[in-house]
Amino acid sequence: MLKEVGFVDIRIGDPVDTFGEAGGEKKARQFEVYGYGFLARKPG
Amino acid sequence: MSTSTPVDPAALREEVKSKYRDVAENPHGSFHFHTGRRLARRLSYDTSVVDAMPDSAVESFAGVANPFALRPLEPGERVVDAGSGAGFDCFIAGKQVGERGRVVGVDMLQEMLERSRAAAAQMKLGHVEFREGLIEDMPLEDGWADAVISNGVINLCADKRRAFEEIWRVLRPGGWLQFADIANGKPIPESALRNIDLWTA
């Protein structure tokens, strides 16, 4: 979707165990939910 | 990150408001996600910066990853935080851009705006301000921002394309979008996607 809007130079960071040891951990594990950093640039 | 719109956008927005109003008013309550300093450590924020911040600026933080991990902001930059919540990432951004820069946090929830404005005043951050608005319709002029940050918000938007198009509008040419969000490795059943309670559960 970022590409469709026009963004370029898209990068995705390493996964982060956002929900580990939290109440939502079980559901997060079930669907392999992790947090990520995303970077993209609007062309100049 | 799912890109479809399986739920009513207005109903989802009200559900999100209800959940995060609770985070604003009861930051030490029981949620399905971590909050505050514990979460900031888990997400690898700079502890020397976070430790120097008052509790009022940290305790309602409820992000999902670190939007500064792939690109720290540069001094003097103009930054928008789309869905700024209690302001935690705006305060980190304010530190990175310095007093020559500007940071505008946009949030739809009055309770979060009150918290973030009070914390900014407590920290005497005159270059960090907060405005009421939706991520899909932000109160900023075209091309104002050198960078747009966001943390755990876009996944809660029913129309993600609209959100990205609005971010595109407020960014200057050459500007950066650096956001944090969750993504699932296994497909979520259609029935679950249509259950609005599960979007914030």
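**Close-up views of the sheet shared by chains A and B**

**View 1. An open sheet of seven strands runs through both chains of this predicted model.** The strand order is 1(A)-2(A)-5(B)-4(B)-1(B)-2(B)-3(B), with mixed pairing. Strands (E, at least two residues) and helices (H or I, at least four residues) are DSSP runs, numbered from the N terminus, and two strands pair if DSSP finds at least two bridges between them. The edges are strand 1 (8–12) of chain A and strand 3 (128–132) of chain B; each has a single partner strand, so one side of each is left without a neighbour in the sheet. From one strand to the next, the twist averages 20°. Residues are numbered from 1 along each chain as its sequence is written, while chains are lettered from A and ligands numbered from 1 in the order in which they are written. In this predicted model, local features need pLDDT of at least 70 and side-chain atom pairs count only at pLDDT 80 or more, whereas totals for chains, interfaces and linings use all residues.

**View 2. Strand 2 (residues 33–41) of chain A pairs with strand 5 (residues 171–184) of chain B.** The pairing is antiparallel and extends over nine bridges. A:G35 stands opposite B:I182, and A:Y36 has B:D181 as its bridge partner. Helix 7 (residues 160–170) of chain B packs on the sheet, where it touches strand 1 (78–82), strand 4 (145–151) and strand 5 of chain B. The direction of helix 7 makes about 150° with that of strand 5 of chain B (axes are lines fitted to C-alpha atoms, for helices over the stretch in contact, and angles run from 0 to 180 degrees between N-to-C directions).

**View 3. The contact between the chains takes 27 residues from chain A and 35 residues from chain B.** Residues are in contact if their C-beta atoms, placed from the backbone, lie within 7 Å. On the side of chain A that touches chain B, helix 1 (2–5) and strand 2 of chain A are the elements that give two or more residues. Strand 2 of chain A gives the most, with nine residues.

**View 4. A:G37 lies in strand 2 of chain A.** A:G37 counts as buried because it has 25 C-beta neighbours inside 10 Å (buried requires 20 or more other C-beta atoms within 10 Å, with C-beta atoms placed from the backbone). Among the residues that A:G37 touches are A:G13, B:P67 and B:A180.

Methods: Contact = placed C-beta atoms within 7 Å. Buried ≥ 20, exposed ≤ 12 C-beta atoms within 10 Å, placed from the backbone. Lists of a residue's contacts leave out its neighbours within four places in sequence.
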